[in-house]
Amino acid sequence: MDIRFPRFGSLTGDRHFDVVVVGAGITGMSTALMLKRQGRSVAVVEAASVGSGETSRTTAHLTCVLDGRLSTLIKRFGKEDAARAVKAHSAAIDWIEKTVHEAAIDCRFARVPGHLFSEAGDKAGGEVIAKEADAAAKIGLAVEPCRDLRLPISVGAALRFPNQAQLHPLAYLRGLANAFLKGEGGAIYDDTRVLSVDDGEPCRVQTERGTIICSAVVLATHVPLNRIMLHAKLEPMRSYVIARTSELPDDAGLFWDTADPYHYWRTARLGDETLLLVGGRDHGVGEPQQEDNFAALEQHARERLGEAEVRYRWSGQIMEPVDGLPFIGHNAFCTRVFVATGYSGNGMTGATAAGLIMCGEIEGAKHPLAQVFSATRGTPVASVKGFVRQNALAAKNVLFDRRRMGKPENVDDLAPNDGRVVRVDGQPVAVFKKPDGRLEIVSAVCTHLGCVVNFNGTEKTWDCPCHGSRFATDGTVLHGPAVEALAPHDLDTHDKEGALVETILRAPGALMTGRPLAE
Ligand SMILES: Cc1cc2nc3c(=O)[nH]c(=O)nc-3n(C[C@H](O)[C@H](O)[C@H](O)COP(=O)(O)OP(=O)(O)OC[C@H]3O[C@@H](n4cnc5c(N)ncnc54)[C@H](O)[C@@H]3O)c2cc1C
Ligand code: FES
């Protein structure tokens, strides 16, 4: 099994293709392969490298049992549409299985059962299980009650969903990329950030290295690049995973509990050992954390399964749609620009379903699922709470948090590898102390819509709580919707500012390069 990706080379100059797919994660590579099989010439344009986004951080449970809860989906969308949504994810697993066989992709694809369980003594969890069993029956989804899981946890109630699946996400992605590049008509440009997309006939995709003219564009960037329409309906979350040694078999199954926020479990063969992946501790992007989330996950697993060695830890970003279903199809106010986002924790199947839907739409065919997942649909009344919460948070950040920063002299006690937002001339500035004690200083104003970023101590990044943009400590964009870096901050322009200038100048080797914040 090979999970390494070669570099494909960046775009040089202007080009013409039938379709441009922006982003080379599971959404981009699946859609690109489907389009090429339809006879289209396709360019995949990737800001970093293939598989460098959230697809490299997934735990790759392939399931049609959606995170949004079946009973909730029925309440929001009705029985028929909830059933359609579930079937789309089942069909996605089938497509992945077929593609793995056809393209001989060595990615450890295996059909395994999925399990929703409540822990012993959790009465509320037991009620959730009963509701979900009822909801599954209503939409005709196969499910059976069970008591004994192959995961040795003390269970109150549990449901087994047969015929779900698992795979190694990067090995699968590599297989998709190889299949896509076979023969003529497909190109991957990595290290090429798309800066803007103009809808029209033709469309124009403006990158930092040239322009591509095409007849349709697919935004497969995890979060769309457009300024606001969809972002108001998405909640960006961080999720954490540990991988610990395990005696369980490779095909023990998929497991997720009824806790809120929930935990998810599966085994995976990595190298010559089987590891148990344990995920959870989800929280909003940019929310300051009081606790070490990895330590908390480790404790959660240890209390239930005993001691084991933790081999890996990582975190990643999940886009929660406020109403529980992803947004797929025509981008707002566009005729030839398509978008797929908001998969929640079902992005592997959601992305595959998105590819199948968008390929049909690009050819002008009305896909039977287009309406259910429409990217321009309204928010059902039952999910208005999430919509209001997310947008109130963004408004509060722009209107109030920008004015309420820590005092300038606060940076004095900053520990190495830590960051803090302070105020200079009334403007929020993000200060990071490098391990060698030098400071990296950039504007703390997110280049998407102007919220103030917060320091993420786990990843050592600046994260925007409003729509989930993330930046490296030098300001480079790591995750959209922002496409521009945080502006470098030149303290020389604030000589008259007093305290902060003095404080920062006292720090050894402060980095003071770049243009002033005001530009
Ligand atoms: C911890 C964790 C666990 C998860 N577990 C599961 C699971 O068990 N099952 C499941 O189904 N899903 C799971 N998910 C969700 C799933 O991994 C994601 O939804 C999915 O990988 C998203 O794929 P994508 O292709 O849309 O985005 P990405 O993989 O993020 O790809 C987007 C690409 O677009 C590129 N890009 C961004 N902006 C630009 C630009 N301006 N120009 C050019 N390129 C750009 C990025 O560099 C990136 O490579 C999990 C996610 C996380 C974080
Ligand atoms: S303001 Fe939208 S991501 Fe920061």
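# Group meeting: ligand 1 and its surroundings in a predicted model

Let me begin with the ligand, where strand 17 gives three residues to the shell around ligand 1, the largest share of that shell. Please keep in mind throughout that this is a predicted model, and that the values I quote are computed from it.

Staying with ligand 1, there are 37 residues around it, and those that come nearest are Thr 27, Glu 46, Glu 54, Thr 55 and Met 348. If you want to find the shell by its secondary structure, look at helix 1, residues 26-37, at strand 17, residues 310-321, and at helix 7, residues 347-362, since each of these three elements supplies at least two residues. Sorted by class, the shell is made up of 18 polar, 15 nonpolar and four charged residues.

Which atoms of the protein lie close to an oxygen atom of ligand 1, and at what distance? I would point to three cases. In Glu 46 a polar side-chain atom lies 2.6 Å from an oxygen atom of the ligand, whereas in Glu 54 the atom concerned belongs to the backbone, being an N or O atom that lies 2.8 Å from an oxygen atom of ligand 1. For Thr 58 the contact is again made by a polar side-chain atom, here at 3.2 Å from a ligand oxygen atom. As for how much of the ligand is covered, ligand 1 on its own has 1000 Å² of accessible area, and the protein covers 96% of that.

Let me now step back to the protein as a whole. It has 519 residues, of which 56% count as buried, and its secondary structure consists of ten helices and 26 strands. If we take the contacts between residues at least 6 apart in sequence, 69% of them join residues that are at least 24 apart. The accessible surface of the protein is about 21300 Å², and carbon and sulfur atoms account for 50% of it.

Next, the cysteines. How many disulfides does a search of the whole structure find? The search finds one, and it is formed by Cys 451 and Cys 466, whose sulfur atoms are 2.0 Å apart. The torsion about the S-S bond of this pair is about -90°, and the disulfide is therefore left-handed. The two cysteines are 15 residues apart and sit in distant parts of the chain, with Cys 451 in the loop between strand 22, residues 439-443, and strand 23, residues 454-456, and Cys 466 in the loop between strand 24, residues 461-463, and strand 25, residues 470-471. Are these two cysteines buried or exposed? Both Cys 451 and Cys 466 are buried. Two further cysteines may interest those of you at the bench: Cys 64 has a relative accessible area of 2% and is buried, and Cys 107, at 1% relative accessibility, also counts as buried.

I would like to turn to the backbone, where a few residues deserve a careful look. The peptide bond from Asp 260 to Pro 261 is cis, with omega near -5°, and Pro 261 is found in the loop between strand 14, residues 254-257, and strand 15. A cis peptide bond also runs from Gly 480 to Pro 481, with omega near 15°, and this proline is placed in the loop between strand 26, residues 477-479, and helix 10, residues 499-506.

Which residues have a positive phi although they are not glycine? Arg 69 is one of them, with phi near 70°; it lies in the loop between strand 4, residues 61-62, and helix 2, residues 70-77. With a relative accessible area of 22%, Arg 69 is partly exposed, the cut-off for buried being under 20%. Asn 163 is another, with a phi of about 65°, but its place is within strand 7, residues 155-166.

Finally, a word on Ala 268, which belongs to strand 15, residues 264-270. Its relative accessibility is 8%, so Ala 268 counts as buried. Setting aside neighbours within four places in sequence, Ala 268 is in contact with Glu 273, Thr 274, Leu 275 and Leu 277. Ala 268 also lies 8.6 Å from Gln 166, C-alpha to C-alpha, although the two residues are 102 apart in sequence.

Key
Residues are numbered from 1 along each chain as its sequence is written. Chains are lettered from A and ligands numbered from 1 in the order in which they are written. This is a predicted model: local features need pLDDT of at least 70, side-chain atom pairs count only at pLDDT 80 or more; totals for chains, interfaces and linings use all residues. Side-chain values use heavy atoms; hydrogens and water are left out. A disulfide is a pair of cysteine sulfur atoms within 2.5 Å. Helices (H or I, at least four residues) and strands (E, at least two) are DSSP runs, numbered from the N terminus. Buried means under 20% relative accessible area, exposed over 50%, partly exposed in between (1.4 Å probe, protein chains only). Contact means heavy atoms within 4.5 Å. A residue is near a molecule or strand if one of its heavy atoms lies within 4 Å of it. A polar contact is a pair of N or O atoms within 3.5 Å; within protein, one must be able to donate a hydrogen and the other to accept it, and residues adjacent in sequence count only if both atoms are side-chain atoms. Accessible areas come from the Shrake-Rupley method with a 1.4 Å probe; for residues, only the protein chains shown count as cover. Ala, Val, Leu, Ile, Met, Phe, Trp, Tyr, Cys and Pro count as nonpolar, Asp, Glu, Lys and Arg as charged, and the others, Gly among them, as polar.
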